[in-house]
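Reader: Before I accept the labels attached to a structure, I like to see each one set against its definition. Could we go through them in that way?

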Amino acid sequence: MYTKESACTSEIAVVPEVIDYINKRDCDFRICTSCGGPILLPVRVKPPKKTDLLLRAGNHMIYVSVHQARFLHSIRMDMIPFFDDEDSAGPEYG
């Protein structure tokens, strides 16, 4: 099981809105790397790795990529991707 903890994860704050978001979805999440920077995804979308560090967020865990941990100071709502239904319908022409 994942039990790695680090001094750097104890220095990462999780904003209350993110904790609420995670608790409402009732699952663990992972901070991983995207082309736009760190991104917070459910573990069903991006499974944890053995090298991830653990961070408690409410009733759940956030697995933090070791590649992101040293750069993170807080986990904020802008790290959660939101997709607009209109955007997922395809490109607009006109």
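Reader: What makes the link between the side chains of Ser 74 and Arg 76 a polar contact?

Author: The side chains of Ser 74 and Arg 76 are joined at 3.4 Å, and a polar contact is a pair of N or O atoms within 3.5 Å, where within protein one must be able to donate a hydrogen and the other to accept it, and residues adjacent in sequence count only if both atoms are side-chain atoms. The value lies within that limit, so the pair is called a polar contact. This is a predicted model, in which local features need pLDDT of at least 70 and side-chain atom pairs count only at pLDDT 80 or more, while totals for chains, interfaces and linings use all residues. Residues are numbered from 1 along each chain as its sequence is written, and side-chain values use heavy atoms, with hydrogens and water left out.

Reader: Why is Ser 74 called buried?

Author: Buried means under 20% relative accessible area, exposed means over 50%, and partly exposed lies in between (1.4 Å probe, protein chains only); Ser 74 has 17%, so it is buried. Ser 74 belongs to strand β6, strands being DSSP runs of E with at least two residues and helices runs of H or I with at least four, numbered from the N terminus. Ser 74 touches Ile 12, Ala 13 and Met 79, leaving aside residues up to four places away in sequence, where contact means heavy atoms within 4.5 Å. Val 15 is 59 residues from Ser 74 in sequence, yet 7.1 Å from it in space, C-alpha to C-alpha.

Reader: How do you know that Val 18, Tyr 21 and Ile 22, which are buried in helix α2, are on the same side of α2?

Author: The three cover an arc of only 95° around the axis, which puts them on the same side of α2, the arc being that of the directions from the helix axis to the C-beta atoms. On the other side of α2, Pro 16 and Lys 24 are exposed. Among the elements that cover the buried residues of α2 are β2 (29-34) and β5 (60-64).

Reader: What makes β2 and β3 a pair, and how many bridges join them?

Author: Two strands pair if DSSP finds at least two bridges between them; six bridges join the antiparallel β2 and β3, so the criterion is met. One of the partnerships sets Ile 31 opposite Leu 40 in β3. On the β5 side, β2 pairs in the parallel sense over three bridges, with Ile 31 opposite Val 64, whereas β4 and β5 run antiparallel and are joined by five bridges.

Reader: Why are β3 and β4 at the edges of the sheet?

Author: The open sheet has the order β3-β2-β5-β4, with mixed pairing. β3 and β4 each have a single partner strand, so one side of each is left without a neighbour in the sheet.

Reader: What makes β5 mostly covered?

Author: Five of its five residues are buried. His 60, Ile 62 and Val 64 point one way from β5, and Met 61 and Tyr 63 the other way. In a regular strand the side chains alternate between the two faces of the sheet.

Reader: Which residues have the most contacts inside the largest nonpolar core?

Author: A nonpolar core is a set of buried Ala, Val, Leu, Ile, Met, Phe, Trp, Tyr and Cys residues joined through side-chain atoms within 4.5 Å. The largest has 19 residues, and those with the most contacts inside it are Ile 31, Leu 40, Ile 62 and Ile 75.
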